[in-house]
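Visitor: I'm new to this one. Can you walk me through it?
Guide: Sure. Ask away once it's up.

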Amino acid sequence: MTSIQLKPEAKRYIQNHGSYNPFTENEQGIQIERTPFLQRHIQLADIKSIENTYFIAKDGTKIPIRIYTPHTDEAILPVILYFHGGGWAIGDLDYMDGGCQYLAKHSQAIIVNVDYRLAPEHPYPIPQQDAYDALNWIYQNPLQLPIDLKRLAVAGDSAGGNLAASIAVRAIEEQGPPIQALLLTYPALDATATVANEDLQFAKQYGLDDDELDLYYRYYVQGNERLTHPYVSPALYEKKALLPPTIIVSAAYDVLNHEGEKFIEELQQAGVQAERVILDGLIHSFFSKMDYFEQETEEATIHLSNFFHSIIQDGLNFKHRKETETKLFSIEQIPYDF
């Protein structure tokens, strides 16, 4: 058994909230509570502008997005596409507003925070398709954002980390837009995985319960035959050597820890630059709880940003990308067949 030494903020969070299951099933069907926490809003002086807008998904739906531009002397900026966590079932643009501001500050990149559609009303493949459509929208860049498409990363926490990794896989398989880095915070990567023995002690009351995780997958996928698909379980993708450089920032006490550790080890064995950072004293979901973990959220964004800077400064090339590729991919060109 691991000796657990929680930060005071984590202890306070567990005492006040413990576990949270948003689902209720009754004769009316599945009911879901999507407002468990009111996020405290911040406004960083380092942020030049925050703009709410939308893009049109492949099926014609308006998908809200929030664009964060940092104060910088650089005219053309890197861009990071961000997907919030929440088990594919909860969360919105406010859910990760503070984290996205800190990420913009430290990465000196434009952050595009995506409010993808949520399960169970919109099960897989809809959230994943929204995420991939957002990637294509970035490459179309209809707003003429001052972004450098050769310095693009996708990022996300928990279920959002799953979406970020899954569209990196899809971009390879479907010869879609190139992604230079994956910036993940305690991602869910394998729907078929069982909790490692070392993580069982974190399976209750540590920000994400094991049975809660099973429910999230159940309502997201709604069919076990798809659990092994790499768009659902990117950790099962066999061609890991083609994936972009990846960082995972983990909480020390998280039921998903060994899942992330295994993914990073497999990337490293495949020759991909990969790094894992473990933040002491923290639990799953800290990245979206500004009332408790603002300092820790900023610390996580510093690790993500430092890794991203190292990648874009090195100018690494990847096997799935042509160095001279300049084509802007159209959403209409991407097949919707799963």
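Visitor: How exposed is lysine 11?
Guide: Lysine 11 is partly exposed, because its relative accessible area is 46%. Buried means under 20% relative accessible area, exposed means over 50%, and partly exposed lies in between, with a 1.4 Å probe and protein chains only.

Visitor: Where is lysine 11 found?
Guide: In helix 1, residues 8-16. Helices (H or I, at least four residues) and strands (E, at least two) are DSSP runs, numbered from the N terminus.

Visitor: What lies 272 residues from lysine 11 along the chain?
Guide: Isoleucine 283. The C-alpha atoms of the two are separated by 9.4 Å.

Visitor: What kind of model is this, and how are residues numbered?
Guide: This is a predicted model: local features need pLDDT of at least 70, side-chain atom pairs count only at pLDDT 80 or more, and totals for chains, interfaces and linings use all residues. Residues are numbered from 1 along each chain as its sequence is written, and side-chain values use heavy atoms, with hydrogens and water left out.

Visitor: Okay, the whole chain. How many helices and strands?
Guide: The chain has 7 helices and 10 strands.

Visitor: How does the radius of gyration fit a compact globule?
Guide: It agrees: the chain has 19 Å, and a compact globule with 338 residues would have a value near 20 Å. That radius is taken over C-alpha atoms, and the globule rule is 2.2 Å times the number of residues to the power 0.38. Along its principal axes, the C-alpha trace spans about 50 × 45 × 40 Å.

Visitor: How much of the chain is buried?
Guide: Buried residues make up 58% of the 338 residues.

Visitor: And what share of contacts joins residues 24 or more positions apart?
Guide: They account for 80% of the contacts with a separation of 6 or more. Contact means heavy atoms within 4.5 Å.

Visitor: Let's zoom in. Is helix 2 mostly covered or uncovered?
Guide: Mostly covered. In helix 2 (residues 97-107), 10 of the 11 residues are buried. Among them are Cys100, Tyr102, Leu103 and His106.

Visitor: What do those buried residues pack against?
Guide: Strand 3 (47-56), strand 4 (62-70), strand 5 (77-83), strand 6 (110-114) and helix 7 (290-314).

Visitor: What comes just after helix 2?
Guide: Glutamine 108, with a positive phi of about 55°. Most residues other than glycine have a negative phi, and most peptide bonds are trans.

Visitor: Which residue between strand 5 and helix 2 should I look at?
Guide: Try histidine 84, in the loop there. Histidine 84 counts as buried because its relative accessibility is 0%. Beyond its neighbours within four places in sequence, histidine 84 is in contact with several residues, including Asp92, Tyr95, Asp115 and Asp157.
Guide: Tryptophan 88 is in the loop between strand 5 and helix 2 too. Its phi is near 60°, a positive value in a residue other than glycine. Tryptophan 88 counts as buried, at 1% relative accessibility.

Visitor: How far is tryptophan 88 from proline 123?
Guide: They are 8.5 Å apart, C-alpha to C-alpha, and 35 residues apart in sequence. Proline 123 is in the loop between strand 6 and helix 3. It counts as buried, at 19% relative accessibility. Not counting residues up to four places away in sequence, proline 123 touches Tyr219, Tyr220 and Gln222.

Visitor: Which peptide bond to proline 120 is cis?
Guide: The one from alanine 119, with omega near 5°. Proline 120 is in the loop between strand 6 and helix 3 (126-140). A cis peptide bond also joins tyrosine 124 and proline 125, where omega is about 15°. Proline 125 lies in the loop between strand 6 and helix 3.

Visitor: And asparagine 141, where does it lie?
Guide: In the loop between helix 3 and strand 7 (147-157). Its phi is near 50°, a positive value in a residue other than glycine. Asparagine 141 counts as buried, at 11% relative accessibility.

Visitor: Last one. Is arginine 170 buried or exposed?
Guide: Buried, because its relative accessible area is 0%. Arginine 170 lies in helix 4 (residues 159-173).

Visitor: What does its side chain join up with?
Guide: The side chain of glutamine 129, through a polar contact of 3.0 Å. A polar contact is a pair of N or O atoms within 3.5 Å; within protein, one must be able to donate a hydrogen and the other to accept it, and residues adjacent in sequence count only if both atoms are side-chain atoms.
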